[in-house]
Amino acid sequence: MPHPSRSTRGPMMTGGTPLRTLDEDDLLDRILPLFGGSVDLVVAPGDDAAVLRTAGETVATTDTAVLGRDWLDAWSSGADIGHKVIVQNLADVAAMGGTPTGVLITLVADPGLSLEWVLDHAAGLGSACAEAGVAVLGGDLSSAPPGVVMVSVTALGRLDGPVVLRSGATPGDVLAVCGSLGLAAAGLLLLQAGLEDRHPLAVERQRRPVSPLAAGPEAARAGATAMLDVSDGLVRDGTRLARASGVVLEIDLTALEPDLAEIRDAVGASEAVECVLAGGEEHSLLATFPADLVPTGWRVIGRAREVAAGERPGVLVDGHAVTHTGWDHFRSS
């Protein structure tokens, strides 16, 4: 659930040292020391391309964040955005059953953007990568028209076990989640209302999401039949899994009570339901398993069944279709 669009002229566009006062090499000399390496990184950033030691199958994914659409300076620091874009990409690798190994980073920015914001952003990128044990392999820098700032990350990972797709769920499987639901969305509501003190953890999860990366490959080894990360909302992402698998996913709302209780006092009962069912940017993992193979750390919230006559694959909550559609980059704009 990205931030709504507002003016892009935030703190990072004023004060400090504008990027236009440096050349690209000067900027890279300041950024690269903020990134760690890896034993698998044979040739580090600095040449035309990096060289990464790999074996077997490689997972690859990419995602982009845009100032004014995906974040606001009033709410998020450069380091916050660095952390968020790393986690959201690494979660996609984990959702395939992969272990993240490295990232490529692109920054497209108005030359008026401050050097201080860029260095703060790079520090956030480096910190998030260090926490996950992945290397920054390189990337690209480019200028942009006034007010435009865009960050793109491509993440790579290795498969040490079976790949898990969205399309493998079968009737009789249980639906389980690893991680929280609704916290990041509740944090967004509180930021919009200027009520951050009501639930500091929710606000922190909006700014810096947490994904259970190790749970992805663990689920694959345990026998997960389908999996994805919750980036656009439980119902929306669950519907993607259901349609790919050709099943109906029935979610039990009472199984979501811990998530609802966590945020109900801060945002209200009805908004809590909306956050848990439709809130994005959580980056928890959602998967289906045979009923007797659910690994530790996952909690069952529903099950998969056959599509009945006259039905379509999708998600039901307590037996009913819901209108909580989650985030869509174009229809939600």
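## A first tour of the structure

Helix α2 has 18 residues and reaches 26 Å from its first C-alpha to its last, close to the 26 Å expected at 1.5 Å a residue. Please keep in mind along the way that this is a predicted model. Most of α2 is covered, with 17 of its 18 residues buried. Just after α2 comes Gly97, which takes a positive phi of about 90 degrees.

### Charged pairs

Helix α2 also takes part in a salt bridge, so let us turn to these pairs. As a general background, side chains of opposite charge can pair when their charged atoms come close. How many salt bridges does the structure hold? There are 9 salt bridges. Three of these pairs are set out here.

| Pair | N to O distance |
|---|---|
| Arg208 and Asp80 | 2.6 Å |
| Arg299 and Asp259 | 2.7 Å |
| Arg305 and Glu311 | 2.8 Å |

The salt bridge between the side chains of Arg208 and Asp80 links distant parts of the chain: Asp80 belongs to helix α2 (residues 78-95), while Arg208 sits in the loop between α5 (200-207) and α6 (215-222), 128 residues apart. Is Asp80 buried or exposed? Asp80 is buried, since its relative accessible area is 10% and the limit for that class is under 20%. Its partner Arg208 is partly exposed, at a relative accessible area of 26%.

The side chains of Arg299 and Asp259 meet in a salt bridge too. This pair again links distant parts of the chain, with Arg299 in strand β11 (residues 299-305) and Asp259 in helix α8 (residues 257-267), 40 residues apart. Asp259 is buried, with a relative accessible area of 6%, whereas Arg299 counts as partly exposed at 24% relative accessibility.

In the salt bridge of Arg305 with Glu311, Arg305 counts as partly exposed at 25% relative accessibility, and Glu311 is partly exposed as well, with a relative accessible area of 29%. Elsewhere, salt bridges that share partners join Asp232, Asp237 and Arg240 into one network.

### Aromatic pairs

Now for the rings. A pair of aromatic rings is described by the distance of the centres and the angle of the planes. The count here comes to 2 aromatic pairs.

In one of them, the rings of Trp71 and Trp117 have centres 6.1 Å apart and planes at 10 degrees, so the pair is stacked. Trp71 lies in the loop between β3 (58-66) and α2, and Trp117 lies in helix α3 (residues 115-132), so the pair ties together parts that are 46 residues apart in sequence. Both Trp71 and Trp117 are buried.

Why does the pair of Phe289 and Trp298 count as edge-to-face? The ring centres of Phe289 and Trp298 are 5.2 Å apart and their planes stand at 75 degrees, and planes over 60 degrees apart fall in that class. Phe289 and Trp298 are both buried.

### Two helices side by side

Helix α8, the home of Asp259, also meets helix α4 (residues 183-193): the two axes come within 10 Å and cross at roughly 5 degrees. The two helices α4 and α8 are therefore roughly parallel to each other. Which residues make the contact? On α4 they are Leu183, Ala186, Leu189 and Leu190, and on α8 they are Glu262, Ile263, Ala266 and Val267.

Conventions:
Residues are numbered from 1 along each chain as its sequence is written. This is a predicted model: local features need pLDDT of at least 70, side-chain atom pairs count only at pLDDT 80 or more; totals for chains, interfaces and linings use all residues. Side-chain values use heavy atoms; hydrogens and water are left out. A salt bridge is a side-chain nitrogen of Lys or Arg within 4 Å of a carboxyl oxygen of Asp or Glu. Helices (H or I, at least four residues) and strands (E, at least two) are DSSP runs, numbered from the N terminus. Buried means under 20% relative accessible area, exposed over 50%, partly exposed in between (1.4 Å probe, protein chains only). Rings of Phe, Tyr and Trp (its six-membered ring) pair if their centres lie within 6.5 Å; planes under 30 degrees apart count as stacked, over 60 as edge-to-face and the rest as tilted. The expected span of a helix is 1.5 Å times one less than its number of residues. Axes are lines fitted to C-alpha atoms, for helices over the stretch in contact, and angles run from 0 to 180 degrees between N-to-C directions. Angles under 35 degrees count as roughly parallel, over 145 as roughly antiparallel, 65 to 115 as roughly perpendicular and the rest as oblique. Contact means heavy atoms within 4.5 Å.
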